[in-house]
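Trainee: I should like to go through the terms applied to this structure and ask, in each case, what justifies them. May we begin with the polar contacts?

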Amino acid sequence: MKIETKKSWLTAIVLLCLSALTIGYLATVFLAQRQEEPIYPGPGVTEIKMLSDWYPGLKDTAGDTEVYVLKGAKEGDSMLVLGGTHANEPSGLVAAVLLIENAVVEEGTLYVIPRANNSAMTCTDPQEGAPTRFTISTPNGDRWFRFGSRATNPVHQWPDPEIYVHATSGQRLSGSETRNLNRAYPGRTDGNFTEKIAYGVAELIRQEDVAIEMDLHEASPEYPTINAMVAHEDAMLLANSAIINMALEGVSIGIEPSPTNLHGLTHRELGDFTDTYALLMETSNPSQGRLRGRTDSEMVVTGKDKFYVKAAEYGRLYVPYDEAGHPISMRVARHICGVTQVAAAFNELGLGNLVMTNIPSYAEMEGDIGPYLAPPAA
Ligand SMILES: [Zn+2]
């Protein structure tokens with residue numbers, strides 16, 4: 001009896017030590033996701049501000065986030081580009097970074113928020129087996145980026161209610177949607193953490209009189225709204241002209257009207273609650289899909305997955321898909337082409353003036369965006 005007690009104590013101590021080591025290791029991995037990927041401001045960046053400059057309620061919170069301002073020498077109209085609304089849709093973040101590092105504005109102002117939900121960049125979604133980082137090769141070394149979560153980190157907003165009631169419409173969604181930035185618009189100052197971030201974005205648009213807002217997303221290849229531009233009804237003419245321009249640049253893209261009964265999204269609420277032309281773009285991202293196989297950083301970058309090839313053969317997808325996959329270079333190139341052609345259409349239609357240069361074309365980027373990302377600092 002005495003010997004058995006001794007043994008169980010020993011086992012308990014060993015198990016305790018192993019648990020402590022595992023927790024220690026996982027905590028390091030978890031906390032490492034708070035380290036921000038480097039962004040190197042390009043020749044067009046005139047100022048780096050924080051979202052709290054427009055809504056001070058975000059100051060010193062994980063919801064505050066960098067806003068890169070690219071102001072032209074000539075007065076003109078402005079555009080806001082949002083990357084990272086959903087941090088598990090990486091082409092939005094990378095497209096925003098590419099704009100920051102390349103674009104030069106001659107007339108008007110471009111505002112870029114690469115990490116719209118900064119909190120969502122600091123964790124991944126449970127039970128998805130997603131990588132925490134991925135890298136893109138440039139001619140002078142690899143650049144790393146975080147792969148985050150669809151929603152605000154529960155560390156920053158908890159607990160979720162059973163049912164999420166959208167504040168201005170009364171729309172009822174499942175509880176976890178309460179942390180989804182793209183269900184939180186137009187936001188409110190006395191709401192939850194995610195609603196405050198949404199309010200900050202809406203305030204930037206109102207205070208700066210932003211003419212065009214573009215929210216860059218991705219969706220899984222089996223999702224119906226894909227390779228599409230979603231437009232608020234006020235922005236439909238602009239979106240139509242832009243997608244014709246995109247087609248002329250070799251990018252085939254659909255157009256979807258923003259549903260009037262689906263609330264909390266940028267293309268609905270920013271169009272209703274501000275004077276901006278509200279647009280959202282979707283590219284195809286196999287690494288967030290339900291049909292995918294092993295999910296690692298290579299899959300995030302190459303967009304290759306043999307199960308999606310099979311799914312395409314069975315006609316289960318809404319986009320063409322084969323062994324070539326949907327590489328992130330092509331997805332980022334589509335987003336950038338959208339931004340460029342929306343600005344061009346805005347000028348052509350006589351809606352205002354926003355002239356941007358030094359942005360690579362779709363053809364230049366489609367195969368490899370590496371040359372258009374700044375080399376990593378030594
Ligand atoms: Zn999304």
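Mentor: A polar contact is a pair of N or O atoms within 3.5 Å, and within protein one must be able to donate a hydrogen and the other to accept it. Please keep in mind throughout that this is a predicted model.

Trainee: What makes the approach of the side chain of Thr276 to the backbone nitrogen of Glu213 a polar contact?

Mentor: The side chain of Thr276 reaches that nitrogen at 3.3 Å, and the cut-off is 3.5 Å. The pair therefore qualifies as a polar contact. The side chain of Thr276 also reaches the backbone oxygen of Val210, at 3.0 Å.

Trainee: Where does Thr276 lie, and is Thr276 buried or exposed?

Mentor: Thr276 is in the loop between helix H5 (266–273) and strand S12 (277–284). Its relative accessible area is 2%, and buried means under 20%, so Thr276 is called buried. Leaving out residues up to four places away in sequence, Thr276 touches several residues, including Ile205, Ala211 and Leu270. From Thr276 to Glu213 the C-alpha distance is 6.3 Å, with their positions 63 residues apart in sequence.

Trainee: Turning to the metal, which atoms coordinate the zinc ion, and why is the site called irregular?

Mentor: The donors are ND1 of His86, two OE atoms of Glu89 and ND1 of His217, at 2.1 to 2.4 Å. The angles among these 4 donor atoms run from 58 to 152°. Four donors count as tetrahedral if all angles lie between 85 and 135 degrees, and as square planar if opposite donors are over 155 degrees apart and all others between 65 and 115. The range of 58 to 152° satisfies neither condition, so the site is irregular.

Trainee: How are the donor residues spaced in sequence?

Mentor: The spacing is H-x2-E-x127-H. His86 and His217 link distant parts of the chain, 131 residues apart: His86 is in the loop between strand S3 (74–82) and helix H2 (90–102), and His217 is in strand S9. His86 has 4% relative accessibility and thus counts as buried; His217, at 2%, counts as buried too.

Trainee: Asp215 also belongs to strand S9. How do you know that Asp215 has no salt bridge?

Mentor: The nearest side chain of opposite charge to Asp215 is that of Arg183, 8.1 Å away. A salt bridge requires a separation within 4 Å, so none is assigned to the buried Asp215. The side chain of Asp215 does make a polar contact of 2.8 Å with that of His217.

Trainee: What makes Glu37 and Arg146 a salt bridge?

Mentor: Their closest N and O atoms are 2.7 Å apart, and the limit is 4 Å; the pair is therefore a salt bridge. Glu37 lies in the loop between helix H1 (2–32) and S1, and Arg146 in strand S6, so the pair ties together parts 109 residues apart in sequence. Both Glu37 and Arg146 are buried. The two belong to a network of salt bridges with Glu36, Glu66 and Arg115, and the whole structure holds 18 salt bridges.

Trainee: Why is Glu128 called partly exposed, and what is the state of its partner Arg292?

Mentor: Glu128 has 25% relative accessibility, whereas partly exposed covers values between 20% and 50%; the term therefore applies to Glu128. Arg292, at 15%, is buried. The closest N and O atoms of this salt bridge are 2.9 Å apart.

Trainee: What sets the backbone of Asp60 and Asp209 apart?

Mentor: Asp60 has a phi near 60°, and Asp209 has one of about 50°. Most residues other than glycine have a negative phi. Asp60 is in the loop between strand S1 (47–50) and strand S2 (66–71). Its relative accessible area of 75% is over 50%, so Asp60 is exposed. Asp209, at 57%, is exposed as well.

Trainee: Finally, which peptide bonds are cis?

Mentor: One joins Trp158 and Pro159, with omega about -5°, and another joins Tyr185 and Pro186, with omega about 5°. Pro159 lies in the loop between strands S6 (141–146) and S7 (163–165), while Pro186 lies in the loop between strand S8 (172–174) and helix H3 (193–208).

Note on methods. Residues numbered from 1 in each chain as written. Predicted model: local features only at pLDDT ≥ 70, side-chain atom pairs only at ≥ 80, totals over all residues. Heavy atoms only, no water. Helix = DSSP H or I, 4+ residues; strand = E, 2+ residues; numbered from the N terminus. Buried < 20%, exposed > 50% of the residue type's maximum accessible area, 1.4 Å probe, protein only. Lys, Arg positive; Asp, Glu negative; His and termini not counted. Donors = N, O, S within 2.8 Å, 3.2 Å for Na, K, Ca; no water. Tetrahedral: all angles 85-135°; square planar, octahedral: opposite > 155°, others 65-115°. Contact = heavy atoms within 4.5 Å.
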